[in-house]
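Work through the exercises below with the coordinates open. Try each task before reading its solution.

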Amino acid sequence: MSIEPQITRPDTPHCTVELFPDHEFDGPAVRQVIDYAPPVGCSGPWSRVVLEADFSVSAGQQFDRTVRIRLGGVNILTGTTVEPARRQGATWYVERDLTDYSALLRQPEKGDAELLNIVTDQNNGRIKGAARLVFYKAAVGAQAPDVPDIVLPLDKDPVFLTASSPGLKGEVSLPRNVTRLMLDVLAMPQQVDEFWYMCMPIHYSPEMNAAQDRTCGIPFRETKVRVDGILAGIAPVFPWIYTGGFNAMLWKQIPGIETLNLHPYRVDLTPFAGRLNDGRPHHIDLSVVGARRYVVMTGTLLAWRDPGRQVVNGKLVRSSGKTAAITVHQDIPVQKNGAGKYTTRADQTVEAVGYVETSHGRVETSVSQKMSFENAYERMDGGSSIVQNQSPDDPS
């Protein structure tokens, strides 16, 4: 089973490094240790690096579980698992393009694979998995791309965000010749937040839906990225439907988009490169608007360096951006049985301009993100209707 588009691969010689062999994940706190070493027969630079993973679950009954693979604290895979049928198991395959993470893979790294499956007499489905990295050599017609020189996790473990602890606080100290910065953000909703797009707010005002009211609040989620307290970018929280989702008919034949392989969202922080080149520690913090109980957050910082200059001066010229303007509209009065319809809208613009004085001249970068969001949720006798439109414009 594979529902995602396959990664295009070059027709060049390649090498494979096994991360872990076919392994059964059994127990709430057992991690498969990974001792990674770079491929002997395929020294870089590489034209492409692909993570491949195979999983299976035996027939029976089992909840959907979360799987994560990390190297050096960097998240290289996050996904969920398929739920089996009583008399039929399932197998699935996922892959992720890790070419931009090549700097991480040039030296040995410790890592682990985590899949917290709990087997009982009732939930008896057993889950196995194996993973490997495939390295494709660079050649004429398949040149190695310009990949980051630094791959750095904001935290070596996923951070669980809640209403009372809503942020991942990362501290980084970078070399003084960074010219470009990107941040891969992945916010995975769980528990109350899993079905955030079905929240039925008890107040019209977002501010009045207090975190203590034990509801899931407003049907809107968004990741905010701050650099030294300055709003630097935003990332959407995708409305994933895991295979334990609210309607089995949505996934019995095939899982939803990205369910088995959650994709991070890349935020361009290049305007802040000059600010972060002063040799001092800086803070890059992530928070999720509306997080209750709970959102799992990971962040991976990617940095490019100037090979011709040890110190690259620069400056953040200007930045602007405010918290998303959220409005809630009650289109149909809520009935005593809970039926009703709410439409939630949000709009936001975040902009930043900065420059760096590189060995080949001044480079100025302007990044603008414009977000438009609408979530119409109607609860009625016999079912629900959800229509969501989200337009997070690609940074320009």
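A polar contact is a pair of N or O atoms within 3.5 Å; within protein, one atom must be able to donate a hydrogen and the other to accept it, and residues adjacent in sequence count only if both atoms are side-chain atoms. The model is predicted: local features need pLDDT of at least 70, side-chain atom pairs count only at pLDDT 80 or more, and totals for chains, interfaces and linings use all residues. Residues are numbered from 1 along each chain as its sequence is written, and side-chain values use heavy atoms, with hydrogens and water left out.

**Exercise 1. Place Asn375 and find its polar partners.**

Step 1. Locate the residue. Asn375 is found in strand β21. Strands (E, at least two residues) and helices (H or I, at least four) are DSSP runs, numbered from the N terminus.

Step 2. Check accessibility. Buried means under 20% relative accessible area, exposed over 50%, and partly exposed in between (1.4 Å probe, protein chains only). Asn375 has 0% relative accessibility, so it counts as buried.

Step 3. List the polar partners. The Asn375 side chain reaches the backbone oxygen of Tyr197 at 3.0 Å. It also makes a polar contact with the side chain of Gln388, at 2.8 Å.

Step 4. Widen to contacts (heavy atoms within 4.5 Å). Leaving aside neighbours within four places in sequence, Asn375 touches Tyr197, Pro219, Tyr342, Thr343, Thr344, Ile386, Val387 and Gln388.

**Exercise 2. Asp306 is buried: which side chain of opposite charge is nearest, and how far away is it?**

Step 1. Locate the residue. Asp306 sits in the loop between β17 (293–305) and β18 (314–321).

Step 2. Assign charges. Lys and Arg count as positive, Asp and Glu as negative; His and the chain ends are not counted.

Step 3. Apply the salt-bridge rule: a side-chain nitrogen of Lys or Arg within 4 Å of a carboxyl oxygen of Asp or Glu. The nearest side chain of opposite charge is Arg309, 5.1 Å away, and Asp306 has no salt bridge.

Step 4. Look for backbone partners. A polar atom of the Asp306 side chain lies 2.8 Å from the backbone nitrogen of Gly308.

Step 5. List the contacts. Not counting residues up to four places away in sequence, Asp306 touches Asn177, Thr179, Val312, Thr358 and Ser359.

**Exercise 3. How many salt bridges does the structure hold? Work through three of them.**

Step 1. Recall the principle. Side chains of opposite charge can pair when their charged atoms come close.

Step 2. Count. The structure holds 20 salt bridges.

Step 3. Take Arg9 and Glu95. Their closest N and O atoms are 2.6 Å apart. Arg9 lies in the segment before β1 (14–25) and Glu95 in strand β6 (residues 90–97), so the pair ties together parts 86 residues apart in sequence. Arg9 is partly exposed at 25%. Glu95 is buried at 9%.

Step 4. Take Arg266 and Asp184. This salt bridge spans 2.7 Å, N to O. Arg266 lies in strand β15 (residues 265–268) and Asp184 in strand β12, so parts 82 residues apart in sequence are tied together. Arg266 is partly exposed at 31%, whereas Asp184 is buried at 5%.

Step 5. Take Glu374 and Arg345. Their side chains meet in a salt bridge of 2.7 Å, N to O. Glu374 is in strand β21 and Arg345 in strand β20 (residues 340–358), 29 residues apart. Glu374 is partly exposed at 27%, and Arg345 is partly exposed at 32%.

Step 6. Find a network. Salt bridges link Arg31, Arg68, Arg70, Asp112, Glu114 and Asp157.

**Exercise 4. How many aromatic pairs are there? Classify two.**

Step 1. Set the rule. Rings of Phe, Tyr and Trp (its six-membered ring) pair if their centres lie within 6.5 Å; planes under 30 degrees apart count as stacked, over 60 as edge-to-face and the rest as tilted.

Step 2. Count. This rule gives eight aromatic pairs.

Step 3. Classify Phe160 and Tyr294. Their ring centres are 5.0 Å apart and their planes at 45°, so the pair is tilted. Phe160 lies in strand β10 (residues 159–162) and Tyr294 in strand β17, so the pair ties together parts 134 residues apart in sequence.

Step 4. Classify Phe220 and Phe373. This pair is edge-to-face, 4.9 Å centre to centre with 75° between the planes. Both residues are buried.

Step 5. Extend to a cluster. Ring pairs link Trp196, Tyr197, Phe220 and Phe373.
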